[in-house]
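Thank you all for coming. Today I would like to walk you through the cysteines of one protein, so please take a moment to look at the sequence and the model before I go on.

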Amino acid sequence: MAMPQNSTRENGFCFPRPLDFSCPRPHPGEAGRPLGAVSGGDGCSTPLSNGIASSGAPSPSGSCAEPLCTASPAQEETPFEEGIKYVSADGEELACGWGGFTPGCLQLCNTSKGVLFFLCVASFLQGMTVNGFINTVITSIERRFDLRSYQSGLIASSYDIAACVCLTFVSYFGGNGHKPRWLGWGVLVMALGSLLFALPHFTTARYEARSAAQVGVCGGNQSLPCSQAASSLSGYRFVFMLGQFLHGMGATPLYTLGVTYLDENVKTNYSPVYIAVFYTAAILGPAAGYLVGGMFLNIYTEIGRETDMAPENTLWVGAWWIGFLGAGAASLLISIPILGYPQRLPGSQRYIVMRVSEAHQLKDGSHKKASDPDFGKTVKDLPRSVLLLLKNPTFIFLCLAGATEATLIAGMSTFGPKFLESQFSLSASEAATFFGYLVVPAGGGGTFLGGFLVNKFKLRCSGIIKLCLLCTVSSLLAIFIFFIHCPNMPMAGVTQMYDGSALPGGHLNLTAACNAQCGCLQDTYSPVCGTDGIMYYSPCHAGCKSVSVNLRNGQKVYQECSCADKSLLPGSGKAEAGKCISSCAKKPLLLFFMFVVILFTFLSSIPALTATLRCVSDRQRSFALGIQWIVVRTLGGIPGPIAFGSMIDKSCLLWQDQCGEQGSCYVYQNSAMSRYTLVAGLVYKVLGTTFFIVACLLYKPPPAESAPGSLDASENGTSDLQEHKPSLPAEEDI
């Protein structure tokens, strides 16, 4: 049976026959106005299309405030390839293209799925570059350009500094402007940052390193003299800092405007899933960066030049720059289609009409100021926008909870590989790869699952905050696994004396009778595992006098190691390059609960983001995300690694000695490392739980009777509209 005319007018959905109706223009912030206010109209001249060639039914892609009508018969018969004019009722261009170039084939991508694809590629490239390549190659950059640890720390921090500087400007003006253009130019700036980061490789002389076949053995030349003048290459740190600054500038629109653009152009129910897919791509990026960056580091930095060094050598510098060139070129290409998208997608207006406002209701009613269509278009409204957000307690405590979670995520991503390296006696590359395999299913799966749960159970804002609270409590319980730890592998002179006895007072003693004549220096750390199952600081400290290569696995084997010789036959002691393999029985249990902690930490990320979008007014969504990112970075992202690093440094047993100056830590005490990690994790998890509880208690939703539609209204809009409008015809009469 055909739907009665009055029902069609009230629901505002299109059917295969032409319909002419209009309604008073609502304010953007008043998308929740009852649809029953729609009245019949007479006349309509602007053709509309939802951008789907196979459908003859028009879609109200323009505002509900304007007359809606179908295309004329002549226009309906026009083939898709010849082009359909995509305009809204107020003359807004809705076609995908660049200027006047809008070919019909491009309109296949002019959908929410098309936008999602390109934004996912951009977020993947951003994560792979900033959180993957940078963390992987930072040691090689230090070695190549003679940088100190604090200088490389400044390089890494330049990203967050740029983001904090640009977030307010980008989120405020970009949120009320043409979002795809802001996004496209941002990705383009990010591409320039990657290309600039790789530039020093091409502007410096070739890397020269002395042959080190005999370095490290007893009696060999142990190290470069300390009096060597400081290299002028350290000035390139400013180029790297500028490249990272451009990375931060370019990524700023991606996680503010990109999220709101997706949220505005899909059904409210599907929004968490789209955002979850978007963030999952951003999490898979660093994992790919670790794996691909590690592969590039096995290639010598001067490609095509012969060298007798192996990647295990302390003087080896890998091809750190290849990844940045590739990521820069890819970002450059992906920015082009993003720049071609319209300000809003065809057909998106119907989702705005159906959207139910869940903004927190302020007692003084000042939240209604954001409903003004002219609000936020000038810089004069900036202080008032900030004030409205500061008066929203739910938003404030969601920001604080996000900061605590960001602290944990930043700490885990920075020191997670180091924790695995110490607990399981792995090499740095093995630990990074292992951690990448752990983060992909836990971080990526948790992020996607969080968005899926919000969509599956059709959660409102208060329900979403309760889901975040449940996830935080679950990860809080799982973090108690850090009560257990793996024992340290025995290391001569560090964890025990050379004769196996305990170190007096815990002081280092790397010299013994077996290596007293070797002249070993402490500034070359190259651990080896002796046949006696004990690790030594270097082949020299193990008293090894010669070296050979195992043809079966390419591993270096040191021979005539006097300190590892426990037999009656002199000269029979041997040692292999690298650490001794740990046989910790608690390894599976520790890995499982680390997986759980990472899973539930990331599982709450998309629900928390969705709750932030829903507890503020529609016109403040982009700006609210910008403010939240500033809080998250200043309170979590920037100090997070510093807080975790300072805690973990307290467990160091062996510090690097750089000509009398303390460098980085070589060996940690595993029991102390687990204990300090537990303390830091508990503090931030308890704070996060508290903030989510307060946000849930203080949230005040709008009155239910003011909602015209429903968040889970289906596309043909019958079920929930009937729930709020019992006077509509029953479904079987449609």
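C563 is buried, because its relative accessible area is 6%, and that is below the cut-off of 20% for a buried residue. Its partner is C514, with which C563 forms a disulfide whose sulfur atoms are 1.9 Å apart. C514, by contrast, is partly exposed, with a relative accessible area of 26%. The pair links distant parts of the chain, since C514 sits in the loop between α14 and β3 while C563 sits in the loop between β6 and β7, with 49 residues separating them. The link of C514 and C563 is right-handed, with 95° about the S-S bond.

I should say at this point that what you see is a predicted model. The mean pLDDT of the chain is 77, and 73% of the residues reach 70 or more. Over residues 1-84, however, the pLDDT is below 50, and it also stays under 50 over residues 705-734, so please read those two stretches with care.

Let us return to the cysteines. How many disulfides does the structure hold? There are five, and I will describe two more of them. For those of you who are new to the term, a disulfide is a covalent bond between the sulfur atoms of two cysteines.

One of them joins C529 to C580, with a distance of 2.0 Å from sulfur to sulfur. C529 lies in strand β3 and C580 in the loop between β7 and α15, so this disulfide ties together parts that are 51 residues apart in sequence. With 105° about the S-S bond, the link of C529 and C580 is right-handed, and C580 itself counts as buried, at 3% relative accessibility.

Another joins C544 to C561, with the sulfur atoms 1.9 Å apart. The torsion about this S-S bond is about 105°, so the disulfide is right-handed. C544 is found in the loop between β4 and β5, and C561 in the loop between β6 and β7, 17 residues apart. C544 is buried, with a relative accessible area of 0%, and C561 is likewise buried at 0%.

Finally, why does C109 not form a disulfide with C96? The sulfur of C96 is the closest cysteine sulfur to that of C109, but the distance is 6.6 Å, which is too far for a bond. C696 is in a similar position, because its closest cysteine sulfur, in C461, is 9.0 Å away and therefore too far for a bond. C109 counts as partly exposed at 31% relative accessibility, whereas C696 counts as buried at 19%.

How values were computed:
Residues are numbered from 1 along each chain as its sequence is written. This is a predicted model: local features need pLDDT of at least 70, side-chain atom pairs count only at pLDDT 80 or more; totals for chains, interfaces and linings use all residues. Side-chain values use heavy atoms; hydrogens and water are left out. pLDDT is the predictor's confidence in each residue, from 0 to 100. Contact means heavy atoms within 4.5 Å. A disulfide is a pair of cysteine sulfur atoms within 2.5 Å. Helices (H or I, at least four residues) and strands (E, at least two) are DSSP runs, numbered from the N terminus. Buried means under 20% relative accessible area, exposed over 50%, partly exposed in between (1.4 Å probe, protein chains only).
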